[in-house]
Amino acid sequence: MRTMLLLAAATLAAAGCGNPNAVPSHSDVETKAINELKSMTPEQQIERIEKGPMPASAKAAQIQKIKDKAGIK
């Protein structure tokens, strides 16, 4: 009985071990949101971030990143 429990635990542990460097894939909803964001103008992206639920400091950082990338002052 104890051997079976140890074997089951080892099997579960091994099943959870994958490639630690593997990048998790996006869900369909995430992929759709990413594609939507890529098709927006920088101004639209900024507007969307401003309306979002992020903390103000995170919003400011994201908006600055978009402005820098687009050459907006």
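Axes are lines fitted to C-alpha atoms, for helices over the stretch in contact, and angles between N-to-C directions run from 0 to 180 degrees. In this predicted model, helices α3 and α4 pack at an angle of about 180°. Their axes lie 10 Å apart. Angles over 145 degrees count as roughly antiparallel. The two helices, α3 and α4, are therefore roughly antiparallel to each other.

The contact between these helices draws on several residues from each. From α3 come P42, Q45, I46, I49 and E50. They meet K59, Q62, I63, I66, K67 and A70 of α4. By class, this contact of α3 with α4 holds six nonpolar, two polar and three charged residues.

Confidence varies along the protein chain. The mean pLDDT of the chain is 80. A value of 70 or more is reached by 73% of its residues. Helix α4 has the highest confidence, at a mean of 94. Helix α1, residues 2-16, has the lowest, at a mean of 53.

The largest pocket encloses about 240 Å³ of space. Its lining is formed by I34, L37, K38, P42, Q45, Q62, K65, I66, K69 and A70. Three helices each supply at least two of these residues: α2 (28-38), α3 (42-51) and α4 (56-70). Helix α4 gives the most, with five residues. The lining of the largest pocket comprises five nonpolar, two polar and three charged residues.

The second largest pocket has a volume of about 190 Å³. L37, Q45, R48, I49, G52, M54, Q62 and I66 line this pocket. Helices α3 and α4 each supply at least two residues of the lining. Here α3 gives the most, with three residues. By class, the lining of the second largest pocket has four nonpolar, three polar and one charged residues.

Some residues recur across these features. L37 lines the largest pocket and also the second largest pocket. Q45, Q62 and I66 likewise belong to the lining of the largest pocket and to that of the second largest pocket. Q45 of α3 and both Q62 and I66 of α4 also take part in the contact between the two helices. P42 and A70 belong to that contact and line the largest pocket. I49 in α3 belongs to the contact as well, and lines the second largest pocket.

Definitions and conventions. Residues are numbered from 1 along each chain as its sequence is written. This is a predicted model: local features need pLDDT of at least 70, side-chain atom pairs count only at pLDDT 80 or more; totals for chains, interfaces and linings use all residues. Side-chain values use heavy atoms; hydrogens and water are left out. On a 1 Å grid over the protein atoms alone, a cavity is a set of points where a 1.4 Å probe fits but cannot get out, and a pocket is an open set with protein on both sides within 12 Å along at least five of seven lines; lining residues have an atom within 4 Å of a point. Grid points are joined across faces, edges and corners, and a volume is the space filled by probe spheres set on the points. Helices (H or I, at least four residues) and strands (E, at least two) are DSSP runs, numbered from the N terminus. Ala, Val, Leu, Ile, Met, Phe, Trp, Tyr, Cys and Pro count as nonpolar, Asp, Glu, Lys and Arg as charged, and the others, Gly among them, as polar. Angles under 35 degrees count as roughly parallel, over 145 as roughly antiparallel, 65 to 115 as roughly perpendicular and the rest as oblique. Contact means heavy atoms within 4.5 Å. pLDDT is the predictor's confidence in each residue, from 0 to 100.
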